[in-house]
Amino acid sequence: MNEFQEKQVNFKWQEPKKNYDVIIIGGGGHGLATAYYLATRHNITNVAVLERKYIGGGNSGRNTTIIRANYGIPEAVRFYQRSVDLYANLEQETGRWMMHKQKGILWMAHSEAAVRQEMARAAINTAFGAKTEYVTPQQVKEICPEIDLSGGGLWPVMGASYHPEGATARHDRVNWALAEGAMQRGVHVHQNTAVTNLITSGSRGSHGSRVIGVETTAGPMHANVVMSAVGGHVTTLAAMAGLRLPIRTHPLQAFVTNHYGQKFHPIVASSSLLFYVSQTARGEMLIGAEIDRQPSYSYRSGHHFLQTCAHRAITLLPFMRQLRVLRQWTGVCDMSPDYSPIMGFTGVDGFVITTGWGTWGFKAIPAGGEQMAQLIATGQTPELLAPFSLDRFAHDRTM
């Protein structure tokens, strides 16, 4: 935390208790948001958030902070639009500046097939509540003057879908604001507290078994509900409850360049080339791409990613050839078979999950936390969460 934030944020640290109503494992955005909404929307404050390192130190602190709702299926559009709307008001609600900035996102097309895909994206988004329109190459140039419409002779820009509500926010400030808001209402957040096992009331994985607490490096803690929000390490935790999840963990890399004049306004992305570019508040150009195809828990960064991703970026945005790579990092992503999140009940009593966020967990933090808090508080699956339940795989209802 920098000096300014240390003076502004008011955390209230507490000693761990033996018993809570709810224990949330994972002190990233989704875990903290669930605690925040439990406290603010449902007045449930006997809650503990357990983080093995420091809050926001996992994927919430390693992502590229893009907020959008321009997905290709109706259920996802509705869910992520809820998150876009919540983000737009989160600074006012928490009283904390998160550097939220609406930029708009261009999703470029480089072939006739991709043009049809982006036209369909715009139509689906419009039908289900997200503001997205199809734009011509000339309109793309007006939105992003820096782009080379010829694509260097390799990837001509033939059009794009444009999602004007696309935005970014500062990841650490989002985490701090949610943690502060929860802690001020009585929630306990315990850093450097690793969960080593789940406590169950019956044989692990047997019918009638129930999760009733956790074993931690700070001792055992019991709760009526235990929630997993641990990102790429979810399969290890779920196995402690005898639960096998359809999740594979893949590394995801990103990098930033040195500073560039503050004049690059939109977020530019390409589904065909699987990369995206935006500018940070400090002027750095931030570039990301798809997951590494080999499943792994590795946090190591690689030169191959830099080479391929930089090539795409400088071909479409020639000005970036004058910039230099400043730093590079890696997170580990929880990927589901249908590339959609898994939220809600697990079939193991007392144990709920929010997982499968892959590369898009940051943008879902407010909606994911709000909806999981409602599920925990009421014992009922909210309408927005129902399509993303774990049992969709058993029922052959994948997204």
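**Overall build and a helix pair**

The accessible surface of the protein adds up to about 16900 Å², and carbon and sulfur atoms hold 49% of that area. The model behind this number is a predicted one. Of the protein's 399 residues, 55% count as buried. Measured out along the principal axes, the C-alpha trace covers about 65 × 50 × 40 Å. How does the radius of gyration fit with a compact globule? For 399 residues, such a globule would come out near 21 Å, and the protein has 21 Å, so the two agree.

As for secondary structure, there are 9 helices and 19 strands. The chain also makes plenty of links between distant parts of its sequence: among contacts with a separation of 6 or more, 75% come from residues 24 or more positions apart.

One helix pair is worth a look. Two packed helices are described by the angle between their axes and by the distance between those axes. Here, helix α2, made of residues 29–42, packs with helix α6, made of residues 171–184. Their axes are 8 Å apart and the angle is about 30°. The crossing of α2 past α6 is left-handed. On the α2 side, the contact is made by Gly29, Leu32, Ala33, Ala35 and Tyr36. On the α6 side, Asn175, Leu178, Ala179, Gly181 and Ala182 take part. What kinds of residue make up this contact of α2 with α6? The split is 7 nonpolar, 3 polar and no charged.

Leu178 also serves as a reference point for a residue in another helix, Ala122. Ala122 belongs to helix α4, which runs over residues 112–127. From Ala122 to Leu178 there are 56 residues in sequence, and the C-alpha atoms are 32 Å apart in space. Is Ala122 buried or exposed? Its relative accessible area is 7%, which is under the 20% cut-off, so Ala122 is buried. With neighbours within four places in sequence left aside, Ala122 is in contact with Thr132, Glu133 and Tyr134.

Moving to the loops, Lys17 sits between α1 (3–8) and β1 (19–25). Lys17 has a relative accessibility of 36%, so it counts as partly exposed. Which residues does Lys17 touch, once those up to four places away in sequence are not counted? They are Asn46, His188 and Met221. For one of these, His188, the sequence separation from Lys17 is 171 residues, while the C-alpha atoms of the two are separated by 9.0 Å.

Two other loop residues share a backbone feature. Asn43 has a positive phi of about 55°, although it is not a glycine. The loop that holds Asn43 lies between α2 and β2 (47–50), and α2 is the helix that packs with α6. Asn43 counts as exposed because its relative accessibility is 66%, over the 50% cut-off.

Tyr339 is not a glycine either, and its phi is again positive, at about 55°. Where is Tyr339 found? Its place is the loop between β17 (325–335) and β18 (342–345). With a relative accessible area of 43%, Tyr339 is partly exposed, whereas Asn43 counts as exposed.

Note on methods
Residues numbered from 1 in each chain as written. Predicted model: local features only at pLDDT ≥ 70, side-chain atom pairs only at ≥ 80, totals over all residues. Heavy atoms only, no water. Axes fitted to C-alpha atoms, helices over the stretch in contact; angles between N-to-C directions. Helix = DSSP H or I, 4+ residues; strand = E, 2+ residues; numbered from the N terminus. Left-handed = near helix turned anticlockwise from the far one by under 90°. Contact = heavy atoms within 4.5 Å. Nonpolar A, V, L, I, M, F, W, Y, C, P; charged D, E, K, R; others polar. Rg over C-alpha atoms; globule rule 2.2 N^0.38 Å. Buried < 20%, exposed > 50% of the residue type's maximum accessible area, 1.4 Å probe, protein only. Areas by Shrake-Rupley, 256 points an atom, 1.4 Å probe, with all protein chains shown as cover.
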